[in-house]
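Please look over the model shown here with its packing and its surface openings in mind. The briefing takes the nonpolar interior as its opening topic and then turns to the pockets.

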Amino acid sequence: MSFIADKDYSALADYAEQMTSDESGVLKELREHCEAHYEDKAMLSGFYQGRILAMISRMVRPMYVQEIGTYLGYSAICLAEGLASGGMVYSIDNNAETNAVAQSFIDKAGLGEKITLRQGNAIFMLPHVSGPFDIVFIDADKPNYSNYYNLILDKVSPGGFIIADNVLWSGRVLDEEKDENAGCLHEFNQMVQSDDRVTNVLLPVRDGLMVVCKN
Ligand SMILES: C[S@@+](CC[C@H](N)C(=O)[O-])C[C@H]1O[C@@H](n2cnc3c(N)ncnc32)[C@H](O)[C@@H]1O
């Protein structure tokens, strides 16, 4: 049963944002820069999801975070908020242009010592990264989500987390005839759900966040 089914969802979403702590000035500038200059601006996590990632990081206090899909660095900067002393966010992306923009905002935020960008195809790079990671954020090409999960799970610390974005794919995971991304994301969700090495919860936040804890 839902307590809010008869209420205006978008008004409640606005209310939730209003009752959520502000992002930093650099994050706001980065988000506004993205909104003003990038056609694919929906790729950026956005204010509310960013605050959730930052809050999870503050709860976990990770030493090492691995992100797959940097884009302009917004989520990497959010995930760095809760880092333990001496910790590091590693983030992989194969796009040199957006990596350069991400690096400039990371430097502006004074996080050059806490976030390391690695350029390349995550499928080829992940076998060579060494964990253990306390948080992994999967947010790159959707057909590879299951591959990324299988490549990284052994490198997640016991009790550590994998968070995967866009797992509802604008609701299209429910379609009878799924497009390629919806089909791959549905398979990913089913694979996680049947994996007895983990405990998981799918949060219907924004486009869907699958939160997975390694047992
Ligand atoms: C949705 S965006 C990431 C958004 C970012 N995590 C955020 O929340 O602000 C996805 C990124 O994945 C990158 N990407 C896609 N396929 C990739 C691959 N095979 N290897 C590395 N990066 C990839 C794209 O270049 C893009 O920047």
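What follows is a short account of the nonpolar cores and the pockets.

The model is predicted. Its largest nonpolar core holds 35 residues, while the largest pocket encloses about 570 Å³ of space.

**Nonpolar cores**
- Within the largest nonpolar core, the residues that touch the most other members are Leu 72, Tyr 74, Ile 77, Val 89, Ile 115 and Ile 163.
- Two or more residues of this core come from each of the helices α2 (25–37), α3 (47–60), α4 (74–79) and α5 (96–108), and likewise from each of the strands β3 (115–119), β4 (133–138) and β7 (209–214).
- A second core, separate from this one, has 28 residues, among them Val 136, Tyr 145, Leu 185 and Val 212.

**Contacts of Tyr 74**
- Leaving aside residues up to four places away in sequence, Tyr 74 touches Glu 23, Leu 27, Leu 30, Arg 31, Leu 44, Ser 45, Gly 46, Phe 47 and Gly 50.

**Largest pocket**
- Its lining consists of 31 residues, and those nearest the centre are Met 43, Gly 69, Asp 93, Asp 139 and Ala 140.
- The elements giving two or more residues to this lining are α4 and β2 (88–93).
- The lining comprises 13 nonpolar, 12 polar and six charged residues.

**Second largest pocket**
- This pocket has a volume of about 430 Å³, and of its 19 lining residues Tyr 9, Glu 17, Tyr 48, Val 205 and Arg 206 lie nearest the centre.
- At least two lining residues come from each of α1 (9–18), α2 and α3, with α1 supplying the largest share, five residues.
- By class, the lining has 11 nonpolar, three polar and five charged residues.

Notes. Residues numbered from 1 in each chain as written. Predicted model: local features only at pLDDT ≥ 70, side-chain atom pairs only at ≥ 80, totals over all residues. Heavy atoms only, no water. Core = buried A, V, L, I, M, F, W, Y, C linked by side-chain atoms within 4.5 Å. Buried < 20%, exposed > 50% of the residue type's maximum accessible area, 1.4 Å probe, protein only. Helix = DSSP H or I, 4+ residues; strand = E, 2+ residues; numbered from the N terminus. Contact = heavy atoms within 4.5 Å. 1 Å grid on protein atoms, 1.4 Å probe; cavity = no way out; pocket = protein on both sides within 12 Å on 5 of 7 lines; lining within 4 Å. Points joined across faces, edges and corners; volume = space filled by probe spheres on them. Nonpolar A, V, L, I, M, F, W, Y, C, P; charged D, E, K, R; others polar.
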